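Here are my notes on the model, set out as numbered points to be read beside the coordinates.

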Amino acid sequence: MASGFGLDGGRGRCFHFWQEFNKCYATADLPQQCLDQRDDYLECLHHTKEFARITRIKTEELKQAEKRQAEQAKAKQDALTAAKSNLPKLNIIDDKTEVKA
């Protein structure tokens, strides 16, 4: 976690954020002055904001896909309704062209 050692023995991915937070905490009069550094460090460790953003993006993509699918189904239904209408039966629109000789 905050040991400073990464997987390969070097510095960990969040070590820089830990140093910033530790430095701020050591020099601050009030712990509330270091909330930004703490949030940066915790985000580096747990990626909570990143995961929340990904979840919002995927949710919005699913909503848009459902909306597109509903619009396509409505367009298909409208086309089927128009094809089955009574207009050809009333001879307003001929669906077969007759050639008179």
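**Notes on the predicted model**

1. This is a predicted model, and its confidence deserves a look before the details: the mean pLDDT of the chain is 85, with 79% of its residues reaching 70 or more. Among the elements of the chain, the lowest mean pLDDT, 94, belongs to helix α3 (residues 48-83), and the highest, 96, to α2. As a general caution, where pLDDT is low, the predicted coordinates should not be read in detail.

2. The secondary structure comes to 3 helices and 0 strands, so that, read from the N terminus on, the order of the elements is α-α-α. Of the 101 residues in the chain, 10% are buried, and the chain exposes about 9,200 Å², of which carbon and sulfur atoms supply 55%. Among contacts with a separation of 6 or more, 30% are between residues 24 or more positions apart.

3. Which aromatic residues come together? A search of the whole structure finds 3 aromatic pairs, and Trp18, Phe21, Tyr25 and Tyr41 form one aromatic cluster.

4. In the pair of Trp18 and Tyr41, the ring centres are 5.2 Å apart and the planes stand at 50 degrees, an angle that makes the pair tilted because it falls neither under 30 degrees nor over 60. Trp18 lies in helix α1 (residues 15-27) and Tyr41 in helix α2 (residues 35-46), and the pair therefore ties together parts that are 23 residues apart in sequence. The two partners can also be described by their accessibility: Trp18, at 27% relative accessibility, counts as partly exposed, whereas Tyr41, at 6%, counts as buried.

5. The rings of Phe21 and Tyr25 also make a tilted pair, because their planes are at 40 degrees, with the centres 5.9 Å apart. Both residues are in helix α1, and since they are 4 residues apart there, about one helical turn separates them. Phe21 is buried, with a relative accessible area of 15%, while Tyr25, with 47%, is partly exposed.

6. How do α2 and α3 cross? Their axes come within 6 Å and cross at roughly 65 degrees. On the α2 side, Asp39, Glu43 and His46 meet Thr48, Lys49, Glu50 and Phe51 of α3. Sorted by class, this contact of α2 with α3 has 1 nonpolar, 2 polar and 4 charged residues.

Conventions
Residues numbered from 1 in each chain as written. Predicted model: local features only at pLDDT ≥ 70, side-chain atom pairs only at ≥ 80, totals over all residues. Heavy atoms only, no water. Phe/Tyr/Trp six-rings, centres within 6.5 Å; stacked < 30°, edge-to-face > 60°. Helix = DSSP H or I, 4+ residues; strand = E, 2+ residues; numbered from the N terminus. Buried < 20%, exposed > 50% of the residue type's maximum accessible area, 1.4 Å probe, protein only. pLDDT = per-residue confidence, 0-100. Axes fitted to C-alpha atoms, helices over the stretch in contact; angles between N-to-C directions. Contact = heavy atoms within 4.5 Å. Nonpolar A, V, L, I, M, F, W, Y, C, P; charged D, E, K, R; others polar. Areas by Shrake-Rupley, 256 points an atom, 1.4 Å probe, with all protein chains shown as cover.
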